[in-house]
Amino acid sequence: MNVIEISKLTKFYGKSRGIVDVSFNVEEGEIFGFIGPNGAGKSTTIRTLLSLIYPTSGSAKILGKDCIKEGQEIRQYIGYLPSEVFYYDNMKVIDLLKYSASFYPNANKNRIYELAKIMDLDLNRKIEDLSYGNKKKVGIVQGLLHSPKLIILDEPTGGLDPLMQNRFFELIHEENRKGTTVLFSSHILSEVQKICTRVGIIKEGKMIRVEDIKTLEHTNYKKFKIEMQEAIPDEYFNMTGVSNLEVNEKAATFIFNGDINKIVEKLYERKVINLIVEEPSLEEIFLHYYEKEA
Amino acid sequence: MNIYFQELKMYARSLLYWTFGMLLTLILFMLMFPAISQDAALMNQLISKFPPELTRALGLTTLDLSMVLGFYGYLFLFILLIGSVYAMKSGMSVLSEEIRAKTADFLLSKPISRNAIVTAKIMSVLSLLVLQTVIYIIGAFIVVNLTTNQIFDKTTFLLINLSLLLVQLFFAALGLLLSVIIRKIKSVLPITLGIVFGFYVLQMLNQSLTDSNLAYITPFAYFDISKIVATGAYESTYLIIDTIMILGFTVLTYIIYNKKDMPSI
């Protein structure tokens with residue numbers, strides 16, 4: 001079953017582009033990574049799902065229900081953590097969390113204390129006295145306290161120290177094991193790599209590709225580092241499937257996507273001094289997408 | 001209901017300050033009343049030497065300053081101005097503050113409809129204004145009774161004071177509407193002061209130019225104190241206009257807020 005179904009979603013802010021024809025589905029129980037650089041349209045997509053903004057065209061459904069028409073009902077089941085967190089400055093943390101809980105009919109107040117303990121959050125401080133990282137923790141607790149069926153995270157880890165990031169990821173994994181679906185937006189690929197099962201890549205408002213994270217990491221892409229006895233002609237490795245090519249006299253690095261034998265044949269023609277073939281990082285694959293589709 | 005109580009909690013203190021300010025203004029004026037009522041003949045003589053346009057603009061033509069309701073009717077203008085600024089500030093802040101403090105994402109991602117949010121917020125402003133009127137009227141009654149022995153008509157006194165709420169509702173509704181039309185309001189008070197005093201200038205023009213149609217567009221003209229003092233009643237035409245304006249602004253607020261894209265943080 002699809003928890004999120006987005007179909008040809010388009011949003012223009014006046015004349016400026018938000019997203020164009022974005023379509024993808026997120027299945028129940030998966031952690032879906034949503035990656036792209038700043039300004040690519042991740043937040044626009046997410047804000048449409050929450051009906052904070054209205055699409056120009058296209059549709060989005062959550063749990064089979066239309067995000068705009070049945071938004072109020074849907075939002076019961078969503079836990080949302082925005083990238084920048086802002087709360088009522090003169091409230092105490094506990095009051096803010098209780099206020100948040102009061103919107104959900106089935107919120108369990110004890111969960112506030114559990115989550116605060118896990119995230120090491122002081123409930124008695126005023127919001128305005130909190131550091132950015134601590135505000136983020138309030139955001140995490142407020143997003144999870146009603147045990148949502150779908151968690152939407154928009155660049156959630158900014159401001160959290162590595163220890164807290166790990167606890168946060170554990171929390172998300174924990175919720176995910178209980179069957180919660182997660183939409184995780186980020187421009188930091190290593191964290192997506194750490195936690196997601198599939199990723200959607202968005203660029204300049206358009207969804208470039210949706211892929212299984214394993215496909216991205218293992219099958220197609222190899223990173224080659226080659227050193228030869230003689231200088232390598234610039235166009236020597238100019239062949240289909242090669243990207244991010246850098247030639248520096250006798251050394252060359254590139255990412256290759258395709259039949260490895262073609263490279264092997266190519267290498268056979270010349271004297272190779274050193275050869276390293278490795279799994280490229282998601283960053284590099286990502287870069288590759290960007291250059292190719294640009 | 002949670003939003004409603006949250007709003008009341010947030011704005012209760014500022015309500016007390018503003019109401020206190022209104023009562024303080026009243027006290028300062030009323031302290032002068034014994035002296036002025038004694039020398040009323042002199043005062044009225046002085047005023048009669050002003051150019052007639054000016055006396056009309058200041059609303060001094062028909063009010064007898066030696067009578068407590070006449071004097072009260074004159075000073076009430078200042079109360080009305082303070083009350084109007086407070087009302088418009090409240091109306092303008094109540095929805096836009098969420099955007100300014102960037103808490104709109106928090107609130108609107110909760111399972112609640114935008115209509116329910118607007119309703120809760122309107123109800124909170126309405127409650128604050130009614131509460132203010134009640135506190136003010138009780139306070140004013142005590143202050144006036146303490147500063148003068150003159151006997152005055154209680155119903156007329158009540159009608160004058162209730163016009164405060166009716167003008168405040170106009171400004172609160174206008175503030176509400178402007179707050180959803182203007183994309184981002186950096187600071188509420190300057191806009192509020194500008195608009196309230198703008199309407200007051202219109203009222204001065206309206207009073208000095210006799211027989212003008214300006215009366216229909218400025219709420220300060222809807223409840224002419226000298227006429228209330230004279231007739232002991234509101235003019236129904238203006239009461240209807242006021243009601244239509246308030247309802248119109250409110251309905252438009254709902255419609256526009258429902259379609260509005262929340263600015264991203």
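How many salt bridges does a search of the whole structure find over all chains? The count is 16. We'll stop at two of them on this tour, so keep in mind that what you have open is a predicted model.

**Stop 1: the domains of chain A**

Start by colouring chain A by domain. The domain assignment gives domain 1 as residues 2-215 and domain 2 as residues 220-293. If you put a marker at the C-alpha centre of each, the two markers sit 38 Å apart.

**Stop 2: the four-stranded sheet**

Now select β1, β2, β4 and β5 of chain A. These four strands make an open, antiparallel sheet, and reading across it you get β2-β1-β4-β5. The edges are β2 (16-27) and β5 (65-66) of chain A, each with pairing on one side only.

Zoom in on β1 (residues 2-13) of chain A next to β2(A): the two run antiparallel and are joined by eight bridges. For a landmark, pick Asn2(A) and look straight across to Glu27(A) in β2(A). Then bring in helix α1(A), which packs on this sheet and touches β1, β2 and β4 (57-62) of chain A. Its direction makes about 115° with that of β1(A).

**Stop 3: a link out of α1**

Stay on helix α1 and show the side chains of Lys42(A) and Glu155(A). They meet in a salt bridge, with N to O at 3.2 Å. Lys42(A) is in helix α1 (residues 42-49) of chain A, while Glu155(A) is in the loop between β7 and α6 (162-177) of chain A, so this pair ties together parts that lie 113 residues apart in sequence.

**Stop 4: the six-stranded sheet**

Next, select β3 and β6 to β10 of chain A. What order do the six strands of this open sheet take? Going across, you pass β6-β7-β8-β3-β9-β10 of chain A, and the pairing is mixed. The edge strands are β6 (78-81) and β10 (206-212) of chain A, each paired on one side only. On average, neighbouring strands here are turned by 15° against each other, direction ignored.

Add helix α5 (residues 132-144) of chain A to the selection. This helix lies across β6 and β7 (150-154) of chain A and runs at about 170° to β6(A).

**Stop 5: the β9-β10 hairpin**

Move to the β10 edge. Strand β9 (residues 198-203) of chain A pairs with β10(A) in the antiparallel sense over six bridges. Two facing pairs are worth labelling: Val199(A) stands opposite Glu211(A), and Ile202(A) has Met207(A) as its bridge partner. The strands β9(A) and β10(A) form a hairpin with two residues between them. Click on Glu204(A) in the turn and check its backbone: phi is positive, at about 45°.

**Stop 6: where chain A meets chain B**

Finally, show both chains. On the chain A side 23 residues are in contact, and on the chain B side 27. The area buried between the chains is about 2400 Å², with carbon and sulfur atoms giving 57% of it.

For the polar side of the interface, the rule finds 18 residue pairs in polar contact, both residues at pLDDT 80 or more. It also finds two salt bridges across the interface of chain A and chain B. One of these joins Lys11(A) to Asp261(B), and the closest N and O atoms are 2.4 Å apart.

Which elements give two or more residues to the side of chain A that touches chain B? Select α2 (71-75) and α3 (93-101) of chain A to see them. Of the elements there, α3(A) gives the most, with three residues.

Conventions
Residues are numbered from 1 along each chain as its sequence is written. Chains are lettered from A and ligands numbered from 1 in the order in which they are written. This is a predicted model: local features need pLDDT of at least 70, side-chain atom pairs count only at pLDDT 80 or more; totals for chains, interfaces and linings use all residues. Side-chain values use heavy atoms; hydrogens and water are left out. Two strands pair if DSSP finds at least two bridges between them. Axes are lines fitted to C-alpha atoms, for helices over the stretch in contact, and angles run from 0 to 180 degrees between N-to-C directions. Contact means heavy atoms within 4.5 Å. Domain bounds come from an automatic or database domain assignment. Buried area is the accessible area (1.4 Å probe) that two parts lose on being put together, summed over both. A salt bridge is a side-chain nitrogen of Lys or Arg within 4 Å of a carboxyl oxygen of Asp or Glu. A polar contact is a pair of N or O atoms within 3.5 Å; within protein, one must be able to donate a hydrogen and the other to accept it, and residues adjacent in sequence count only if both atoms are side-chain atoms.
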